[in-house]
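Trainee: Could you take me through one part of this model slowly, beginning with a single strand residue and following its neighbours outward?

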Amino acid sequence: MSERVHGERKVRGGKLVVVDATVSADKIIDVVLSGDFFLEPDEALGWLTAALEGQSADVSLDHLTAVLDTAARDADLVGFGTRDIALTVLRALGRATTWDDLDLEIMETGPLPPRMQMALDEVIVRQVAEGRRAPSLRFWDWASSAVVIGSYQSLSNEVDEAAAERHGIEVVRRVSGGGAMFIEPGNTITYSLAVPDTLVAGMSFQDSYAFLDEWVLRGLRSVGIEAAYAGLNDIASPVGKIAGAAQKRIPGGVLHHVTMAYDIDADKMLEVLRIGREKMSDKGTRSAAKRVDPIRSQTGLSREKVIDALLAEFEQSFGAAYVGLDQATIDEAAALVESKHGTAAWRARVP
């Protein structure tokens with residue numbers, strides 16, 4: 001049995017690549033490669049097309065790119081590259097997706113304790129990866145203050161636990177890497193995206209961070225903040241850092257979450273977090289407090305208004321249905337709190 005497939009990829013800052021092909025007996029045949037790109041010499045189109053003929057429908061992105069690299073010889077590919085062709089093939093095969101391919105949900109949960117937030121993130125991305133839930137966005141409501149440390153950070157190096165206890169701040173550890181976050185319910189905007197890994201197929205980690213937050217940058221600009229990505233995982237405006245992102249990838253799924261400083265008690269943050277001089281040495285400032293420029297100071301808008309603007313941008317960009325938190329997911333997350341996120345062993349996995 002054979003099936004005709006079609007895939008398109010608009011290269012960021014480049015041209016459109018289109019692949020039409022037939023999949024028969026798990027092989028790719030009858031390939032037509034087209035697009036508005038530039039390619040010299042003319043014969044190179046035939047070389048690249050021939051390289052795709054007969055490839056396995058399970059071919060890996062890296063292998064297909066290497067085959068195309070060999071086929072390209074000394075050709076000039078302008079506005080696209082061999083990896084773009086390979087990604088377009090995977091898209092035609094249904095192994096790489098776009099936002100338009102996804103039926104998205106916005107999950108409303110209400111305020112939750114910090115350890116439940118950690119568990120819920122892990123449960124939701126697992127559900128998405130296993131096909132039990134649609135790709136989801138959720139903005140967190142924090143029930144209490146917290147310090148959230150990255151999966152690989154040392155608890156004792158990052159947190160003054162006595163100071164945290166004195167201020168009634170719970171210390172939890174998330175499944176993603178990255179740095180510590182200082183959380184106060186009214187001063188923080190946090191959101192999570194759980195999406196299939198096909199959405200970022202072929203992207204480097206750095207490219208995927210910026211890609212998954214493009215809508216956020218547009219939303220921030222709609223409230224007057226000229227936001228852009230800075231480095232690997234920071235979002236900043238011309239006057240300072242606004243947010244930090246982190247990711248965890250599992251087979252089939254990607255968890256991408258971001259915490260923004262809406263407002264901040266810098267003195268309390270510096271009392272609880274052990275931010276050393278060495279860590280700050282590459283940041284262009286001697287003061288950790290000066291690195292963060294909260295959204296409130298730049299917009300004058302309430303936290304709720306900023307979140308509303310970001311949700312509006314997400315809905316306008318991709319479309320999404322609002323859903324509540326179902327009991328089965330609550331139970332699954334609660335069990336994970338008991339077995340992992342609420343335990344001293346997990347919190348101190350790196351002492």
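Mentor: Happy to! Glutamate 105 stands opposite serine 136 in E8. This is a predicted model, so local features need pLDDT of at least 70 and side-chain atom pairs 80 or more, while totals for chains, interfaces and linings use all residues. Numbering starts from 1 along each chain as its sequence is written, and side-chain values use heavy atoms, without hydrogens or water.

Glutamate 105 belongs to strand E6 (residues 105-108), which pairs with E8 in the parallel sense over two bridges. Strands are DSSP runs of E with at least two residues, helices runs of H or I with at least four, numbered from the N terminus; pairing takes at least two DSSP bridges. E6 has another parallel partner, strand E18 (residues 321-324), joined to E6 over four bridges. There, glutamate 105 has alanine 321 as its bridge partner.

Now follow serine 136, because this residue also helps line the largest cavity, together with Asp121, Ile124, Arg138, Ser192, Leu193 and Ala194. A cavity is a set of points on a 1 Å grid where a 1.4 Å probe fits but cannot get out, and lining residues have an atom within 4 Å of a point. Helix H4 (114-129), strand E8 (136-139) and strand E13 (188-196) each give two or more residues to this lining. E13 supplies the largest share, three residues. By class, you will find three nonpolar, two polar and two charged residues; Asp, Glu, Lys and Arg count as charged, Ala, Val, Leu, Ile, Met, Phe, Trp, Tyr, Cys and Pro as nonpolar, and the others as polar. The space inside is about 40 Å³, taken as that filled by probe spheres set on the points, and the structure holds one cavity of 30 Å³ or more.

H4 takes us on to a sheet, an open one of three strands with mixed pairing and the order E11-E10-E12. Strand E11 (170-173) and strand E12 (181-183) are its edges: each has a single partner strand, so one side of each lacks a neighbour in the sheet. On average, neighbouring strands here are turned by 20° against each other, direction ignored. Strand E10 (residues 146-149) runs parallel to E11, with four bridges joining the two, and alanine 146 stands opposite glutamate 170 in E11. H4 packs on this sheet, touching E10 and E11 (heavy atoms within 4.5 Å). The direction of H4 makes about 15° with that of E11, using lines fitted to C-alpha atoms and N-to-C angles from 0 to 180 degrees.

Key: 1 Å grid on protein atoms, 1.4 Å probe; cavity = no way out; pocket = protein on both sides within 12 Å on 5 of 7 lines; lining within 4 Å.
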